[in-house]
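Student: I have a structure to go through and some questions about it. Can we take them one at a time?

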Amino acid sequence: MMMEALAVSMVLLIGITINATRAGDLVDYTPHLTSEEMEGKITASTFALQQPRCVFNKVVDPADVIWLVVALSEAVKSFKNPKTPGDLPYQSFAKNYFYMTLNTTVSNYPCPEKSDDIAILRVGSETECVVDLWRPDCNGPLPGPGPYRVRFLAINSTGVVVKESKWSDPITLIRGRNPDRIVAKPRRRRTETNVIITILSILSAILVAALIAAFIYKYSNICDKPMSADFVGIQDPTIVRYTTHQMHDRLSIK
Ligand SMILES: *[C@@H]1O[C@H](CO)[C@@H](O)[C@H](O)[C@H]1NC(C)=O
Ligand SMILES: *[C@@H]1O[C@H](CO)[C@@H](O)[C@H](O)[C@H]1NC(C)=O
């Protein structure tokens with residue numbers, strides 16, 4: 001009896017210890033977009049995270065390296081810590097749905113956090129290393145709108161993940177390549193429409209003028225032959241009268 005009770009409590013104790021270690025790996029921190037008031041917090045291929053300051057400083061060794069895992073949101077459930085960060089290179093993101101980047105020692109996220117410091121991490125800001133297989137840690141542009149989720153990992157010099165943050169909320173990027181062009185497009189379309197409208201109105205004005213001219217020409221031709229006097233008379237009776245008078249006068253003089 002004694003031995004059995006001892007064995008059961010041993011198993012329980014081991015179980016609790018294992019659970020405690022697992023729970024201890026997770027630090028209670030959720031990565032999030034910067035709280036800084038700034039333009040371009042999210043663009044078509046980048047987003048600005050708040051640096052994880054005062055998060056790992058007290059719980060990891062100063063030599064440990066903090067990495068950022070970028071995940072395609074829907075793949076997060078299948079994430080397993082890699083043996084080495086190089087197993088999840090930026091260049092294979094399309095295949096793995098995860099990559100690891102922005103590695104830096106914990107000392108670069110100093111504590112306490114000074115309030116006047118701009119503590120931003122721009123994810124997706126490097127363009128030179130996009131196809132460079134020697135730069136698996138490339139912080140290359142994000143290939144689409146996502147949504148993405150990120151988490152920080154603290155990895156010690158033996159490559160063991162000693163601490164990890166929670167996953168961020170999903171972050172969705174702006175659609176389209178260049179946000180400036182999205183604004184510029186409707187403007188250009190409006191000018192195009194204006195040009196078309198102007199051309200159309202000029203053309204229709206010309207058409208109307210041509211029709212009027214043709215009408216007048218035709219009408220005057222028809223009237224000229226048998227009733228030219230009447231036509232002139234209708235237009236300006238005084239002149240007609242004067243002319244007739246003159247004619248009469250001339251005739252009478254003759
Ligand atoms: C980040 O990781 C890359 C690739 O493993 C390495 O070459 C680079 O030295 C590391 N940088 C820092 C600051 O740890
Ligand atoms: C890294 O962490 C593991 C697990 O905590 C530990 O066994 C190992 O000794 C650590 N390596 C170093 C260099 O501290």
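Tutor: This is a predicted model. We can begin at ligand 2, where one of its oxygen atoms is 2.2 Å from an N or O atom in the side chain of Asn156.

Student: Which residues surround ligand 2?

Tutor: A residue belongs to the surroundings if one of its heavy atoms lies within 4 Å of the ligand. Besides Asn156, Thr158 has a polar side-chain atom 2.6 Å from a nitrogen atom of ligand 2. The full set is Asn156, Ser157, Thr158, Val160 and Val162.

Student: How many residues of the shell around ligand 2 are charged?

Tutor: Asp, Glu, Lys and Arg count as charged. The shell around ligand 2 divides into two nonpolar and three polar residues, and the number of charged ones is: no charged residues.

Student: How much of the accessible area of ligand 2 does the protein cover?

Tutor: Taken on its own, ligand 2 has 360 Å² of accessible area. The part of this area covered by the protein is 37%.

Student: Which residue has a polar side-chain atom 2.4 Å from an oxygen atom of ligand 1?

Tutor: Ligand 1 is surrounded by Trp67, Asn103 and Asp137. The polar side-chain atom at 2.4 Å from the ligand oxygen belongs to Asn103.

Student: What share of the accessible area of ligand 1 is covered by the protein?

Tutor: The area to start from is the 360 Å² that ligand 1 has on its own. The protein covers 41%.

Student: How many disulfides does the whole structure have?

Tutor: A disulfide is a covalent bond between the sulfur atoms of two cysteines. Here a pair counts if the sulfur atoms are within 2.5 Å. Cys54 and Cys111 have theirs 2.2 Å apart, and Cys129 and Cys138 have theirs 2.0 Å apart. The search of the whole structure finds two disulfides.

Student: How far apart in sequence are the parts that Cys54 and Cys111 tie together?

Tutor: Cys54 lies in the loop between β1 (47-50) and β2 (65-72). Cys111 lies in the loop between β3 (98-105) and β4 (120-123), so the disulfide ties together parts whose separation in sequence is 57 residues.

Student: Why is the disulfide of Cys54 and Cys111 right-handed?

Tutor: The handedness follows from the torsion about the S-S bond. The disulfide of Cys54 and Cys111 is right-handed because this torsion is about 105 degrees.

Student: Is Cys54 buried, partly exposed or exposed?

Tutor: Buried means under 20% relative accessible area and exposed means over 50%, with partly exposed in between. Cys111, at 33%, is partly exposed. In the other disulfide, Cys129 and Cys138 are both buried. Cys54 has a relative accessibility of 36%, so Cys54 is partly exposed.

Student: Where in the protein is Ser73, and which residues does it touch?

Tutor: Ser73 sits in the loop between β2 and α2 (93-96). Its relative accessible area is 14%, so Ser73 counts as buried. Leaving out residues up to four places away in sequence, Ser73 touches Pro147, Tyr148, Arg149 and Pro170.

Student: In what order do the elements of the protein run?

Tutor: The secondary structure comes to four helices and six strands. Read from the N terminus on, the order is α-β-β-α-β-β-β-β-α-α.

Student: What share of the residues in the protein is buried?

Tutor: The protein has 254 residues. Among the buried ones are Ser73, Cys129 and Cys138. Buried residues make up 28%.

How values were computed. Residues numbered from 1 in each chain as written. Chains lettered and ligands numbered in written order. Predicted model: local features only at pLDDT ≥ 70, side-chain atom pairs only at ≥ 80, totals over all residues. Heavy atoms only, no water. Helix = DSSP H or I, 4+ residues; strand = E, 2+ residues; numbered from the N terminus. Buried < 20%, exposed > 50% of the residue type's maximum accessible area, 1.4 Å probe, protein only. Polar contact = N/O pair within 3.5 Å; in protein donor to acceptor, adjacent residues only side chain to side chain. Areas by Shrake-Rupley, 256 points an atom, 1.4 Å probe, with all protein chains shown as cover. Contact = heavy atoms within 4.5 Å.
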